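Work through the exercises below with the sequence and the model open. Try each task before reading its solution.

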Amino acid sequence: MCSSEPVCSDTITFRSSADRGQNDGFLTRVYTLRPLHWYLVGNSSWFLAFGAQGVLFAWLVTMVLRESPAMVGVAQMTLLLPGLLLLLVGGGIADRYGGVRVASLAQGLAAIPPLVLALIIGLDQLSYPVMLGYAVSIGILQAFVTPARDGLLNDVAGASIQRTVMLASLTQFGFQIVGVLVAGLAETVTAMTVLCFQSAILLTGALALRRIELPKVVRVTPHLDIGAAIVEGARSVLRSPAIRMVCFQNVAMGLFFMGSFIVTSPLLVREVFAGSAADLSLVNAANALGLSSTIAVLLRLGDIQRPGRVLLLAQGIGALILLIGGLVSSLEAFMVVMFFWGVAGGFAMTMARTIVQELAPPDQRGRIMSFYGFTFMGAGPLGALLNGFLVSEFGAQQALMMVSGTMAVFMVVVGWFGPLWQLRPHRAPQVAPHQV
C-alpha cells in the first residue's frame with residue numbers, strides 16, 4: 001500500500017540494448033502505471049466481454065434456439081434479475097471489504113460461466129434452460145462487480161471527476177464495440193471461440209483490478225453491518241433531490257430503453273430484417289459507436305456546467321430518435337438510427353453518472369453507486385418482460401414506437417417537476433487524512 005503520496009503507482013522497468021547508458025551499457029526506462037490506468041484496463045475488459053456477451057446471448061436465444069418474443073424477454077429478464085436482488089448487497093459488501101478486492105474477485109469468477117457454456121455447446125447440449133442458468137450466474141457476479149468498480153472511480157479520478165467519468169465511459173464503449181464485432185464472427189469462428197475469448201478477457205481485467213493500490217486515506221469499514229449499510233445508503237439517496245431524480249429517470253430508462261435494446265432490437269433484426277449474427281453485431285456496434293463518439297467530444301469540450309439539463313435533453317431527444325427506429329424499413333437505416341440513439345445515450349449516461357459520483361458521500365460511494373445501478377438494472381427485468389409482451393402483441397416496430405413515446409413524455413415530467421434542469425456541478429466534500 002502507499003504511504004504519503006496522493007496517488008499510488010506501479011513502476012515497470014526494462015533495459016534497452018539499443019541505447020547506451022553511462023554505467024552498465026544499458027539505458028533504464030521507467031514506465032509508471034497509476035491506479036487510474038489499472039482501473040481503465042479492468043473497466044475496459046469487462047465491457048469488451050460484455051459487448052461480446054450481449055450479441056452472443058441474444059443470437060443464441062433469438063436466432064439459434066428460435067425462441068418466441070415472450071421467451072426472449074424472459075431470458076433477458078433472467079440475465080438482469082440478479083441485479084435487482086443483489087446489487088444493493090454488492091454495494092454494501094464493496095464498502096465493507098473494499099472495492100478492489102470485491103471487483104477483482106467477482107470479475108475473476110465471471111470468467112468461469114463462459115467456459116462452461118462453451119463446453120456445453122461443444123457437447124451439442126445447448127438448450128433454453130442452459131441459457132437461463134448461464135444468465136443467472138453472470139447476473140449474480142455482475143451485481144458484485146458493478147458497484148465495487150464504480151465506487152473505485154472517485155478514488156482514482158484525481159482532480160476532475162467528470163473528466164474521469166468521460167474517460168472511463170469512452171474506453172468502456174470503445175472496447176464494447178470491439179466485443180460486439182468479435183461476437184459478430186460467431187457464425188464463422190464458432191460460438192465456443194467467442195466464449196473462450198470472453199473468459200480470457202474477463203480474467204485479464206480481474207488481474208488488472210487487483211493491481212490497483214489506493215492511498216491510506218481510502219479506508220474500508222470491516223465491521224459495517226450490510227443491512228444497516230443498505231438502509232443508510234437508501235436514506236442518503238432519498239435526502240438528495242438530484243440523486244433521487246437521477247435514479248427516478250434511471251427506472252424509466254431501464255423499463256423503456258434497456259428493454260428496447262436487449263429484446264425489441266434483436267427481434268426486429270430477426271423478424272423485420274431477417275438478419276444474422278453479423279447483422280445484430282453491426283446494429284449493436286453502431287449504437288456503441290454513437291456512445292463513444294459523444295464521449296470523445298465531451299472530453300474535448302471539458303466539464304459540462306449544466307449536467308442535469310444535458311441529461312434531460314439527451315434523454316428526450318433519444319426517445320424521439322428511437323421512435324424513428326420504428327418507422328424505418330431497412331437494416332441500414334435502422335443502424336443509422338441506433339448510431340444517433342447512441343449519441344444521445346452518451347450524453348445522458350455520462351451526465352447521470354457524473355451527477356451521482358459528485359454528490360455521493362465518500363464513505364458511502366459503493367452503496368450510492370449500487371443504488372444508482374439498482375434503479376437502472378433493477379428496472380431492466382421488467383423492461384425485458386414489457387418489451388417482450390409488446391412485441392408479441394403489436395410487433396417489434398410498433399413496440400419500439402410505444403415505449404419511445406412514453407419515455408419522451410416521462411422526461412418532460414421529470415424535467416418540469418425535478419431539480420435537474422437547474423443543477424450545477426458540485427463536488428462532495430472529501431475526507432481529510434486527519435479525519436480518517
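The exercises that follow deal with helices and single residues.

This is a predicted model, in which local features need pLDDT of at least 70 and side-chain atom pairs count only at pLDDT 80 or more, while totals for chains, interfaces and linings use all residues. Residues are numbered from 1 along each chain as its sequence is written, and side-chain values use heavy atoms, with hydrogens and water left out.

**Exercise 1.** Describe the length, bend and surroundings of helix 10.

Solution. Start by locating the element: helices are DSSP runs of H or I with at least four residues, numbered from the N terminus. Helix 10 covers residues 241–271, which is 31 residues. Next, compare its span with the expected one (1.5 Å times one less than the number of residues). From first to last C-alpha, helix 10 reaches 43 Å, close to the expected 45 Å. Then look for a bend, taken as the angle between axes fitted to the seven residues ending at a residue and the seven starting there. Helix 10 has a kink of about 45°, centred on S260. Last, check burial (buried is under 20% relative accessible area, exposed over 50%, partly exposed in between, with a 1.4 Å probe and protein chains only). In helix 10, 24 of the 31 residues are buried, so the helix is largely enclosed by the rest of the structure.

**Exercise 2.** Determine how helix 2 and helix 5 are oriented to each other.

Solution. Take the axes as lines fitted to C-alpha atoms over the stretch in contact, with angles from 0 to 180 degrees between N-to-C directions. The axes of helix 2 (residues 69–97) and helix 5 (residues 128–157) come within 7 Å and cross at roughly 30°. Angles under 35 degrees count as roughly parallel, over 145 as roughly antiparallel, 65 to 115 as roughly perpendicular and the rest as oblique. Helix 2 and helix 5 are therefore roughly parallel.

**Exercise 3.** Examine phi and exposure at T190 and A274.

Solution. Recall that most residues other than glycine have a negative phi. T190 has a positive phi, near 80°, and A274 also has a positive value, near 50°. Now place them: T190 is in the loop between helix 7 (186–189) and helix 8 (191–210), and A274 is in the loop between helix 10 and helix 11 (277–301). Finally, T190 is partly exposed at 35% relative accessible area, whereas A274 is exposed at 65%.

**Exercise 4.** Place M401 and find its C-alpha separation from L323.

Solution. M401 lies in helix 16 (residues 396–417). Its relative accessibility is 24%, so M401 counts as partly exposed. The C-alpha atoms of M401 and L323 are separated by 4.6 Å, with the two residues 78 apart along the chain.

How values were computed: Helices (H or I, at least four residues) and strands (E, at least two) are DSSP runs, numbered from the N terminus.
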